[in-house]
Amino acid sequence: MDNPVTSFWRTAYNITISAHLFGILANILMLIWLLHYREGLDLDSSNPYRIFNVHPFLMFFGFIFLTGEAMMAYKTVPAPRETQKYLHMFLNLSALVLGIVGIHATFKFHDKMNIVDMYSLHSWIGIGTFCMFILQWLFGFSLFVFPKASGFTRARLAPWHVSGGRVLLYMAICAAETGLMQKFTFMQLTNNNESYLINFLALAILLFGITVDLSVSLGRFA
């Protein structure tokens with residue numbers, strides 16, 4: 001029989017693998033939805049709906065998925081901790097940049113369609129999460145990379161940095177779920193294949209967030 005420590009590490013490993021799989025599944029479902037049902041995506045298109053489609057894709061793949069991968073980088077990258085730290089920083093920076101493009105897409109869509117900006121709960125949660133994410137990244141960069149705080153200060157504030165990242169991940173998941181629900185309502189979908197696809201997409205995104213959080217909270221594994 002496995003001892004408790006071995007069983008713990010196997011559970012942590014399986015949860016981390018599950019997080020990657022749920023993330024990949026969500027990306028596949030997102031692309032099927034946008035390319036097969038919603039006319040594709042193109043930020044420079046004359047079709048405003050193709051411009052809008054850039055928003056959900058980049059806000060999941062570019063923001064949520066990369067953020068989750070950054071959080072798990074300390075477990076999934078077989079490299080020295082310093083390398084893991086820089087990869088964590090780079091993935092979060094990439095998420096930030098792609099998130100900006102994704103937010104730009106929805107503002108551009110609203111401008112073309114003469115729709116008021118920032119009127120829904122989804123947009124409030126989303127923009128609040130993104131602003132806090134920027135502060136979190138700047139805090140982490142200045143604390144752990146440059147100019148870099150003392151070892152004592154880093155040790156004291158590291159748990160707050162980790163907890164803040166976990167909170168922001170759930171806030172981003174909440175923004176994604178409310179955004180899908182809002183789009184679902186606008187399209188007036190009922191009992192059809194697209195409605196099922198969006199529901200499974202929402203579940204995959206939720207399960208990705210939960211398994212990423214569990215992976216981080218269970219600690220490192222060998």
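Helices here are DSSP runs of H or I that are at least four residues long, numbered from the N terminus. Keep that in mind as we walk through this predicted model, because much of the story starts in helix 2.

Helix 2 covers residues 48-76. Look for F57, F61 and F65. F61 and F65 sit 4 residues apart in this helix, so about one helical turn separates them. The spacing repeats on the other side: F57 and F61 are also 4 residues apart in helix 2, again about one helical turn.

What does that do for the rings? A pair of aromatic rings is described by the distance of the centres and the angle of the planes. For F57 and F61, the centres are 5.6 Å apart and the planes meet at 15°, so this pair is stacked. The cut-off behind that word is an angle under 30 degrees. F61 then pairs with F65 as well, and that pair is stacked too, with 5.9 Å from centre to centre and 20° between the planes.

How buried or exposed are these three side chains? F57 comes out at 17% relative accessibility and counts as buried, and F65 is buried as well, at 11%. F61, which pairs with both F57 and F65, is partly exposed, with a relative accessible area of 29%. The dividing line is simple: buried means under 20%.

Now zoom out a bit. F57, F61 and F65 belong to one aromatic cluster that also takes in F60 and F208. Across the whole structure, a search turns up 10 aromatic pairs. There's a charge-over-ring arrangement to find, too: K85 lies over the face of Y86, 5.7 Å from the ring centre.

Next, the record. An unreviewed UniProt entry annotates "transmembrane region" over residues 12-34, 54-74, 86-105, 125-146, 167-184 and 196-216. Take two of those stretches and check them in the model. Residues 86-105 are 100% helix and 0% strand, with the end C-alpha atoms 29 Å apart. Residues 196-216 are likewise 100% helix and 0% strand, and their end C-alpha atoms are 30 Å apart.

Finally, the cysteines. How many disulfides does the structure hold? The count is 0. C131 is in no disulfide, and the nearest cysteine sulfur, in C174, is 16 Å away. Seen from C174, the sulfur of C131 is the closest one, but 16 Å is too far for a bond, because a disulfide needs the two sulfur atoms within 2.5 Å. Both residues are partly exposed: C131 has a relative accessible area of 44%, and C174 is at 35%.

Notes: Residues are numbered from 1 along each chain as its sequence is written. This is a predicted model: local features need pLDDT of at least 70, side-chain atom pairs count only at pLDDT 80 or more; totals for chains, interfaces and linings use all residues. Side-chain values use heavy atoms; hydrogens and water are left out. Rings of Phe, Tyr and Trp (its six-membered ring) pair if their centres lie within 6.5 Å; planes under 30 degrees apart count as stacked, over 60 as edge-to-face and the rest as tilted. Helices (H or I, at least four residues) and strands (E, at least two) are DSSP runs, numbered from the N terminus. Buried means under 20% relative accessible area, exposed over 50%, partly exposed in between (1.4 Å probe, protein chains only). A charge sits over a ring if NZ of Lys or CZ of Arg is within 6 Å of the ring centre and within 35 degrees of the ring normal. UniProt positions are given in the numbering used here, feature names are shortened, and annotations may be inferred rather than shown by experiment.
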